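Open the model in your viewer and keep the selection tool ready. We will go from one stop to the next.

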Amino acid sequence: METTATAFSRRATLQPDRSLSSLRSKQCIRKAPNFNFYASVPIWGDDAESIVFAQAFGKGRTIVFRFSLDSNDGDVLPPCSPQASFPDRPSMRAALWSAVASVWHECSELPDAGDPDTVVDIFSYGSWKIYHETLFNNYVDLLLPLDEFSVQHPIEAIGFKRAWYDAISLGGRGCTTLVHHASDPGHKLVFKGIDFRTFLDTYESGHAQEEVMIFKRSTELASNMPRHPNILLPPRTFVTVSRPAANTPVVCGSLYPFYPNGSLAGKIEESNAAGKRIPLLLKAKWCHQMAAALAHTHFVARTYHMDVKPGNFILDEDSNLVLIDWEQFDASVTTAAPEIDGTWDAEEVQVQAADGTSSKALRYTKYQGPERRNMPDTTPGDNGWNQEDCPKASKLDEVFSLGRSMWMLLRQCDKDGFEGIENTEDIVEDWTSSDDIPSDWKEAVEGCLKRDPNDRTSLQDIYDFLEAAFEAFE
Ligand SMILES: Nc1ncnc2c1ncn2[C@@H]1O[C@H](COP(=O)(O)OP(=O)(O)O)[C@@H](O)[C@H]1O
Ligand SMILES: [Mg+2]
């Protein structure tokens, strides 16, 4: 069996990738029947559809497989576009996983298969070659050394090992992955960062560099923020990689404790699937805790989150909410405030009422300049949080997201109901099947959802309301 170092020159000539999602499968973890491996968020490819990657794990190994049209003899990827040649995506995925299964047993036994830079080329069923992907060096060059992270408390560093890396994606847009300590497989942790798979998926578009900066910023923010019970504790461990045969570690991610009780979004889905209403006391507690996390973020830490939504609150062992995902880089379309569409500038100004009294208000100015140029369509963060220098505006943006999150929880909205939503204003906040929700709670939510930020309830007022509402229950 051949193990060679192969320069992969063809990749460099590929079109910049803009919609790898065309080949990406749904996020899921599946054990393929009779195969000794699992697949999680496992298939991605290039726009030209001439290369497809698939990632699988099992037997303590996570392996990236590559299929290229020009080296494939046609029995895995048909000779023309996979999209055109397979009747549908499930058939394409089935063909790829069968091809992986035909080589998995042999190649997962090889010692090299555990190296962080290895990729296995599959030529046809049962025919493969393992190689050390030279792009791994580009990946390492992009990452930052430990001393470039400005963190207040000491963080230990451990080397990345595919052996403990199960590659079970926990969902979300990025690389949030369940891992375990090599010495203690039962001790689960969460890896968040930029693994080699994420790099292979994003480097053509230039987003890999951006991901590194997002990771740095979120790690520093989480590490330097004053603690709060409803906010995720900072990471204690950095994960590092280095070039093969070199010993200059750079940071590719960090490890967080794993919270096995899932997210608030998951709890809503679970209750709906069981046809149950979540008890009001629990709803009151969770609304109060969401607001408490946000009040701390703005009033004590003097920063913002930007992506407040039920999927970014996870539950601790006592069913308390913990706000995660401190990337500050994008907002979800279903919870974003209407004014953060990237076209508005906000400032706080003095305004005079008709009776002559003067007060402060926010003034929003629509960008009126010439059409923007040189802006890639897929720049991350295209929901535009452009009000960083106006804390009052960012508080009110976040009050809107809090209002939407509370509405989703109180009404118990089904996630499926939001499929196809492209603009936050397309959502109509009704109270169907919500007779159990007190009317003053509904009014409080509606106060947070006012389209004009100047009419919206303030963060302090909604926090005070929710604290009183929760205390009244206890
Ligand atoms: N420490 C954790 N414990 C358990 N689940 C987690 C943890 N961190 C993240 N998750 C799960 O993974 C999902 C994605 O993580 P998140 O940090 O929100 O990444 P993304 O930036 O991709 O949204 C979350 O919605 C949550 O369900
Ligand atoms: Mg998230």
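This tour starts with the whole chain, then visits the core, two helix pairs, some strands and two loops.

**Stop 1: the whole chain**

Keep in mind that this is a predicted model. Show the protein chain as a cartoon. You will find ten helices and 17 strands. Now colour by burial. Of the 474 residues in the chain, 39% are buried. Next, think about contacts between residues at least 6 apart in sequence. Among these, 65% join residues at least 24 apart.

**Stop 2: the core**

Select M290, A291 and I462. These residues have the most contacts inside the largest nonpolar core, which has 104 residues. Which helix gives the largest share of this core? Select residues 391-411, which form helix α8: ten core residues come from there.

Now centre on I462. Leave aside residues up to four places away in sequence. Which residues does I462 touch? Its contacts are A291, V399, L402, A444, C448 and T457. Keep A291 and I462 in mind, as both return at Stop 4.

**Stop 3: helices α8 and α9**

Keep α8 on screen and add helix α9, residues 439-448. The two axes lie 7 Å apart, and the helices pack at an angle of about 145 degrees. Their crossing is left-handed.

Show side chains at the contact. From α8, pick V399, F400, L402, G403, M406, W407 and L410. From α9, pick W441, V445 and C448, which meet them. How many of these contact residues are nonpolar, polar or charged? Nine are nonpolar, one is polar and none is charged.

**Stop 4: helices α7 and α10**

Select α7, residues 280-300. Then add helix α10, residues 459-473. Here the axes come within 9 Å and cross at roughly 145 degrees. This crossing is left-handed too.

Show the α7 side of the contact: L281, A284, K285, C287, H288, A291, A292, L294, A295 and H298. Facing them in α10 are L459, I462, Y463, L466, E467, A469, F470 and F473. Colour this contact by residue type. It has 14 nonpolar residues, two polar and two charged.

**Stop 5: three strands**

Hide the helices. Select strand β12, residues 237-241, and strand β8, residues 156-159. Do they run parallel or antiparallel? They run parallel, joined by four bridges. Zoom in on G159, which stands opposite T240 in β12.

Now add strand β13, residues 250-257. It is joined to β12 by five bridges, and this pair runs antiparallel. Pick T237, then look across to its bridge partner in β13, L255. While you are here, turn the view and follow the side chains. In a regular strand they alternate between the two faces of the sheet.

**Stop 6: two loops**

Bring everything back and select R302. You are in the loop between α7 and β14 (313-315). R302 is not a glycine, yet its phi is positive, about 55 degrees. Is R302 buried or exposed? R302 counts as exposed because it has 10 C-beta neighbours inside 10 Å, and the cut-off for exposed is 12 or fewer.

Last, select Q328, in the loop between β15 (321-323) and β16 (344-352). Its phi is also positive, near 50 degrees, and Q328 is a residue other than glycine. Count its surroundings: 18 other C-beta atoms lie within 10 Å, so Q328 is partly exposed.

How values were computed: Residues numbered from 1 in each chain as written. Chains lettered and ligands numbered in written order. Predicted model: local features only at pLDDT ≥ 70, side-chain atom pairs only at ≥ 80, totals over all residues. Core = buried A, V, L, I, M, F, W, Y, C linked by C-beta atoms within 7 Å. Buried ≥ 20, exposed ≤ 12 C-beta atoms within 10 Å, placed from the backbone. Contact = placed C-beta atoms within 7 Å. Axes fitted to C-alpha atoms, helices over the stretch in contact; angles between N-to-C directions. Left-handed = near helix turned anticlockwise from the far one by under 90°. Nonpolar A, V, L, I, M, F, W, Y, C, P; charged D, E, K, R; others polar. Pairing = 2+ DSSP bridges.
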